[in-house]
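Student: I have a new structure open and don't know where to start. Can you walk me through it?
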Amino acid sequence: MLACVDVDYRPDVTVAACVLFRAWTDGREAAHLVERGPVAAPYEPGQFYRRELPHLLRVLADVQEPLEAIVVDGYVWLGEDKPGLGAHLYEALCRAVPVIGVAKTPYVTTGPALPIVRGHSLRPLLVTAIGMETATAAEHIRRMHGKSRMPTLLTQVDRLSREP
């Protein structure tokens, strides 16, 4: 099983969503989970993971099948040897599940991100990974369903996290 995860912050609640799917080319989910939790910690530059990680771990705790990989909206690496959200998630999961980061905008010290172009977009997605080669991760993201810049299931998990 594969998973895409995302988190939305609101004044009174934080919503974490997880879309589960079986193959990289799937256009439909196998299942999804939504978890509503406490208000997120305040944003700290360079420490984004502190805000999002607890909520991702809560929604992933409800996944019943073993995961082959997790795709996060953001970075695994913020720079050379500077862990981002994905690297912290990988460590929190005892290095048991590879994590792929898909970012829409460059970080100041993006470092080892691999840009990929999907659909008719000229703007690349920036892919980082841990637990698998970045080139392999980028190829998985490139192959994901959808004709637009963002794969279908990444768009879906974003929408699920934002629903009232």
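Tutor: Start with a pair of helices. Helix 1 and helix 2 are oblique to each other, and this is a predicted model.

Student: What angle do helix 1 and helix 2 pack at, and how far apart are their axes?
Tutor: Helix 1, residues 48-60, and helix 2, residues 85-92, pack at about 45°. Their axes are 10 Å apart.

Student: Is the crossing of helix 1 and helix 2 left-handed or right-handed?
Tutor: Helix 1 crosses helix 2 in a right-handed way.

Student: Which residues make the contact?
Tutor: From helix 1 they are F48, Y49, E52, L53, L56, L57 and L60. Helix 2 brings L85, H88, L89 and A92.

Student: How many of those are nonpolar, polar and charged?
Tutor: The contact of helix 1 with helix 2 has 9 nonpolar residues, 1 polar and 1 charged.

Student: Ok, pockets now. What volume does the largest pocket have?
Tutor: About 490 Å³. It is lined by 23 residues, and F48, E52, D73, G74 and Y75 are the closest to its centre.

Student: Which element gives the largest share of that lining?
Tutor: Strand 1, with 4 residues. Strand 1 (2-9), helix 1 and helix 4 (152-162) each supply at least two.

Student: And how does the lining of the largest pocket divide by class?
Tutor: There are 12 nonpolar, 4 polar and 7 charged residues in that lining.

Definitions and conventions: Residues are numbered from 1 along each chain as its sequence is written. This is a predicted model: local features need pLDDT of at least 70, side-chain atom pairs count only at pLDDT 80 or more; totals for chains, interfaces and linings use all residues. Side-chain values use heavy atoms; hydrogens and water are left out. Axes are lines fitted to C-alpha atoms, for helices over the stretch in contact, and angles run from 0 to 180 degrees between N-to-C directions. Angles under 35 degrees count as roughly parallel, over 145 as roughly antiparallel, 65 to 115 as roughly perpendicular and the rest as oblique. A crossing is left-handed if the near helix is turned anticlockwise from the far one by less than a right angle, and right-handed if clockwise. Contact means heavy atoms within 4.5 Å. Ala, Val, Leu, Ile, Met, Phe, Trp, Tyr, Cys and Pro count as nonpolar, Asp, Glu, Lys and Arg as charged, and the others, Gly among them, as polar. On a 1 Å grid over the protein atoms alone, a cavity is a set of points where a 1.4 Å probe fits but cannot get out, and a pocket is an open set with protein on both sides within 12 Å along at least five of seven lines; lining residues have an atom within 4 Å of a point. Grid points are joined across faces, edges and corners, and a volume is the space filled by probe spheres set on the points.
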